[in-house]
Amino acid sequence: MFLVKKDPSANMPASVDLSTLPPLSTEAVTPDYFVRHYKEIIVMYIANGRPSPDTLRSRYSNIDQFIAWCIEKQIHPLAFREYHMRIYVTYLNGRGYKKDSVALKIVSLRSFFNAAQKMGLIDENPCRDIHMGWETRNDMSVLFYTPEQLYKIIDVWHDEPNDFLRWRNTAVVYLMAVEGLRNIEVCRMNREDIDWDVGSIYIHGKGHDRQIFPCYDTFDALKQYLAAAPAPNVDAAGTTPMFLSFSNAHQNGRLSRNGLRFIMNKALSAAGMKKDGFSCHILRHSCGTNLYAAEKDLRLVQEVLGHRDPKTTARYSHVQDRATRRATRAIIPKPSTEERAT
């Protein structure tokens with residue numbers, strides 16, 4: 001029976017260690033070898049061989065969970081057929097995972113089996129016809145906060161006596177809700193990424209990097225934050241994190257994604273705007289929705305949000321246009337011309 005070493009630190013390194021590459025001979029990659037060393041192999045089949053560390057971390061976690069279940073059930077992962085996968089989905093549903101979580105786990109396993117299929121280890125991908133879909137919410141749940149509501153969120157910190165915390169949290173809201181950054185992009189930001197002369201910030205994005213040109217109000221919030229921030233701990237890579245943690249365990253180190261979520265969720269709750277199932281990612285949606293409402297320029301929204309596919313951006317115009325047009329008012333019941341005359 002195959003064995004899998006649990007190595008929680010085995011995430012994608014900053015640079016590829018050539019000594020960890022799989023053998024050139026495909027004959028040497030047996031089913032057991034594939035399962036033991038899948039992390040060295042599937043990375044070549046995701047995002048053209050350049051997946052982000054966050055993508056890999058998520059995929060590895062889901063695949064490790066699956067392999068552990070296979071070990072418990074004493075079935076080799078590459079012996080799986082669609083029937084087995086549907087049993088596994090039933091198991092996940094029984095564990096109380098949300099629909100979106102199960103869908104993400106299946107996406108991870110589809111990439112695992114895709115690599116095995118490409119290498120000729122299995123005939124077909126057992127996940128091929130398993131599509132969980134995603135949680136559907138009402139169309140208006142491209143949820144967003146109006147500029148007035150965003151001001152209310154920032155006002156939560158109005159009486160915060162610690163200037164560092166007040167301006168850090170305010171700057172984060174500006175970057176997410178006004179400039180449209182994702183929380184991971186905020187956490188990855190370094191002080192070296194800001195060009196104060198040009199007025200730009202280099203963004204380490206999701207899948208691709210880009211340069212943004214924030215408004216002056218955002219830069220003012222960043223300047224206030226930097227003036228109040230303590231000396232940061234420099235990363236191992238030699239970069240200086242922009243946003244710092246205030247927790248005892250990571251004080252003055254880089255603010256984590258979980259830390260940022262905690263800060264924003266706490267503020268949303270304090271402002272009375274936190275809803276179950278929705279995260280601070282709504283701040284990014286607020287940027288897209290409010291910017292389209294102000295400018296009516298979908299190409300501009302696409303550029304600001306860094307979307308590659310215009311279809312992704314189109315939802316902001318769709319929601320905003322429906323909300324403002326109220327097209328059905330043209331067909332409300334009304335009397336005929338003759339009846340109105342009388």
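**Notes on the predicted model**

1. Let's start with Phe-164: its relative accessibility is 4%, so it counts as buried. The cut-offs here are under 20% relative accessible area for buried and over 50% for exposed, with partly exposed in between (1.4 Å probe, protein chains only). Bear in mind that this is a predicted model, where local features need pLDDT of at least 70, side-chain atom pairs count only at pLDDT 80 or more, and totals for chains, interfaces and linings use all residues. Residues are numbered from 1 along each chain as its sequence is written, and side-chain values use heavy atoms, with hydrogens and water left out.

2. Now the overall picture. The protein chain has 14 helices and three strands, taken as DSSP runs (H or I of at least four residues for helices, E of at least two for strands) and numbered from the N terminus. Of its 342 residues, 39% are buried. Take the contacts between residues at least 6 apart in sequence: 61% of them join residues at least 24 apart. Contact here means heavy atoms within 4.5 Å. About 19800 Å² of the protein chain is exposed, and carbon and sulfur atoms supply 52% of that. Those areas come from the Shrake-Rupley method with a 1.4 Å probe, and for residues only the protein chains shown count as cover.

3. On to the aromatics. Rings of Phe, Tyr and Trp (its six-membered ring) pair if their centres lie within 6.5 Å; planes under 30 degrees apart are stacked, over 60 edge-to-face, and the rest tilted. That rule gives 16 aromatic pairs. Phe-164 and Phe-246 make up a tilted pair, because their ring centres are 6.0 Å apart and their planes stand at 50 degrees. Phe-164 belongs to helix H7 (residues 163–178), while Phe-246 is in the loop between helix H9 (216–228) and helix H10 (257–270), so the pair ties together parts that are 82 residues apart in sequence. Phe-246 itself, at 40% relative accessibility, is partly exposed.

4. There's also a cluster of rings worth pulling up on screen. Ring pairs join Phe-34, Tyr-38, Tyr-60, Phe-66, Trp-69, Phe-80, Tyr-88, Tyr-91, Phe-112 and Phe-113. Tyr-60 has a charged visitor too: the charged end of Lys-39 sits over its ring, 5.1 Å from the centre. Sitting over a ring requires NZ of Lys or CZ of Arg within 6 Å of the ring centre and within 35 degrees of the ring normal. Lys-105 does likewise with Tyr-97, its charged end sitting over the ring at 4.6 Å from the centre.

5. Next, salt bridges. Side chains of opposite charge can pair when their charged atoms come close. The test used is a side-chain nitrogen of Lys or Arg within 4 Å of a carboxyl oxygen of Asp or Glu, and the whole structure contains seven salt bridges. One of them pairs Glu-185 with Arg-210 (3.0 Å, N to O). That bridge links distant parts of the chain: Glu-185 is in helix H8 (residues 183–188) and Arg-210 in strand E3 (residues 210–212), 25 residues apart. Glu-185 is buried at 1% relative accessible area, and Arg-210 is buried at 10%. Salt bridges with shared partners bring Arg-182, Glu-185 and Arg-210 into one network.

6. Two other bridges. In helix H7, Arg-166 bridges to Asp-163, with the closest N and O atoms 2.6 Å apart. These residues are three apart in the helix, which means about one helical turn separates them; Asp-163 is partly exposed at 37%. Arg-128 also forms a salt bridge with Asp-129, at 3.3 Å between the closest N and O atoms. Arg-128 is partly exposed at 48%, as is Asp-129 at 40%.

7. Some backbone oddities to check by eye. Gln-74 isn't a glycine, yet it has a positive phi of about 60 degrees. You'll find Gln-74 in the loop between helix H3 (53–73) and helix H4 (82–94), exposed at a relative accessible area of 66%. Asn-252 has a positive phi as well, near 70 degrees, and is in the loop between H9 and H10.

8. Last one, from the loop between H9 and H10: Thr-240. What does Thr-240 contact, leaving aside its neighbours within four places in sequence? The partners are Met-189, Asn-190, Arg-191, Glu-192, Pro-232, Val-234 and Arg-254. With a relative accessible area of 15%, Thr-240 is buried.
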